[in-house]
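Subject: Structure for your review

Dear colleague,

Please find the structure below, together with its sequence. My notes on aromatic rings, charges and backbone geometry follow it.

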Amino acid sequence: MKISLSGKWALVTGSTRGIGQQIALGLARCGANVIVHGRSEAAAAQTVELLAELPVSVEVVAGELSSVEGVESIIEQVKAKVGVIDILYNNAAISHEGQSIFEQSRELWDRVFQVNVHALIRLCQAFAPGMQERKWGRIVNLTSGIADQPDLAVYSVSKAAVDKFSRDLSTAVKDDNVLVNYVDPGWLKTDLGGPDAWDEVTTVLPGALVPVLLPDGGPTGRHYAAQDYKVLGE
Ligand SMILES: NC(=O)c1ccc[n+]([C@@H]2O[C@H](COP(=O)([O-])OP(=O)(O)OC[C@H]3O[C@@H](n4cnc5c(N)ncnc54)[C@H](OP(=O)(O)O)[C@@H]3O)[C@@H](O)[C@H]2O)c1
């Protein structure tokens with residue numbers, strides 16, 4: 001059975017480059033219309049160019065996830081441009097320089113949690129109710145397999161919060177055919193992952209699409225590992 005996302009609208013945060021760009025392309029290849037997001041319209045240009053080769057509609061929203069106002073602006077732009085969305089892919093996140101767990105400042109914790117946790121929660125709150133009303137929705141949140149790296153505790157704890165929030169949200173919306181899952185992409189060569197990462201960014205596909213392509217009534221509140229679906233030879 002070939003599953004099509006034709007006619008669905010997907011917002012992919014942080015889709016100007018890296019993993020988010022791959023996810024945007026993967027969703028579009030499945031027929032979804034895509035809203036590309038980055039901090040500026042200019043940053044989105046490459047992804048928009050890649051998507052232009054596919055028979056889907058594309059919009060761009062620009063805005064900071066690092067401020068409450070920026071997140072609200074992104075929500076307003078999405079509503080103004082497409083109205084409602086069917087797929088919310090919370091991909092964007094930031095990491096930080098490694099430093100002793102005893103020296104990670106309150107300012108650092110606030111900064112990372114604003115982008116990685118508070119912004120993600122707010123986007124879910126803004127768009128999940130519309131999915132519930134229409135009885136179809138897929139929300140996917142990017143997590144990480146990071147472990148035993150206390151120098152990066154701010155980042156890793158923010159991802160633990162994403163996992164827990166995803167599970168709680170999944171319970172809240174499961175009766176309305178809105179599936180909420182979280183994906184570990186693997187360690188990939190991106191600006192965030194760095195050049196020493198194990199795998200090319202392209203290997204996040206097709207695994208990252210699995211939680212979007214789940215059938216109605218499918219698994220929710222689950223952890224997915226994109227590398228489990230890596231195409232052999234890549
Ligand atoms: N790469 C890995 O090995 C790895 C491993 C585990 C998990 N992950 C997770 O995978 C996701 C994507 O990572 P990546 O490696 O693709 O990252 P990346 O290459 O650094 O790309 C980050 C994306 O997020 C956007 N972004 C960053 N800060 C933002 C902000 N303050 N406001 C709005 N947008 C912002 C960037 O937009 P601009 O272009 O406008 O800056 C860019 O599109 C993240 O959730 C990350 O934690 C990655």
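Two rings of Phe, Tyr or Trp, the last represented by its six-membered ring, are taken as a pair if their centres lie within 6.5 Å. By this rule the count comes to two aromatic pairs. Please bear in mind that this is a predicted model.

One of the pairs is formed by Trp-109 and Phe-113, whose centres are 5.8 Å apart and whose planes make an angle of 45°, a tilted arrangement. Both residues belong to helix H4 (residues 106-134); because they are four residues apart there, about one helical turn separates them. Are these two residues buried or exposed? Trp-109 has a relative accessible area of 26% and is partly exposed. Phe-113, at 17%, is buried, because the limit for that class is under 20%.

The other pair consists of Trp-187 and Trp-198: the ring centres are 5.4 Å apart and the planes stand at 80°, so the pair is edge-to-face, the class for angles over 60 degrees. This pair links distant parts of the chain, eleven residues apart, with Trp-187 and Trp-198 each in the loop between strand S6 (178-184) and strand S7 (223-225). Trp-187 has a relative accessibility of 38% and counts as partly exposed. Trp-198 reaches 69% and counts as exposed, because that class begins over 50%.

The loop between S6 and S7 also holds Pro-206. The peptide bond that joins Leu-205 to Pro-206 is cis, with omega at about 5°.

Next, the charges placed over a ring. Which residues lie over Trp-136? Lys-8 is found over the face of this ring, 4.0 Å from the ring centre. Arg-138 has its charged end over the ring of Trp-136 as well, at 4.3 Å from the centre.

Finally, two residues deserve a note on their backbone. Lys-135, in the loop between H4 and strand S5 (137-142), has a phi near 60°, which is a positive value in a residue other than glycine. Lys-135 is partly exposed, with a relative accessible area of 47%. For Asn-177, phi is likewise positive and near 60°, again in a residue other than glycine. Asn-177 is located in the loop between helix H5 (153-173) and S6. With a relative accessibility of 13%, Asn-177 counts as buried.

Yours sincerely

Notes: Residues numbered from 1 in each chain as written. Predicted model: local features only at pLDDT ≥ 70, side-chain atom pairs only at ≥ 80, totals over all residues. Heavy atoms only, no water. Phe/Tyr/Trp six-rings, centres within 6.5 Å; stacked < 30°, edge-to-face > 60°. Helix = DSSP H or I, 4+ residues; strand = E, 2+ residues; numbered from the N terminus. Buried < 20%, exposed > 50% of the residue type's maximum accessible area, 1.4 Å probe, protein only. Lys NZ or Arg CZ within 6 Å of the ring centre and 35° of its normal.
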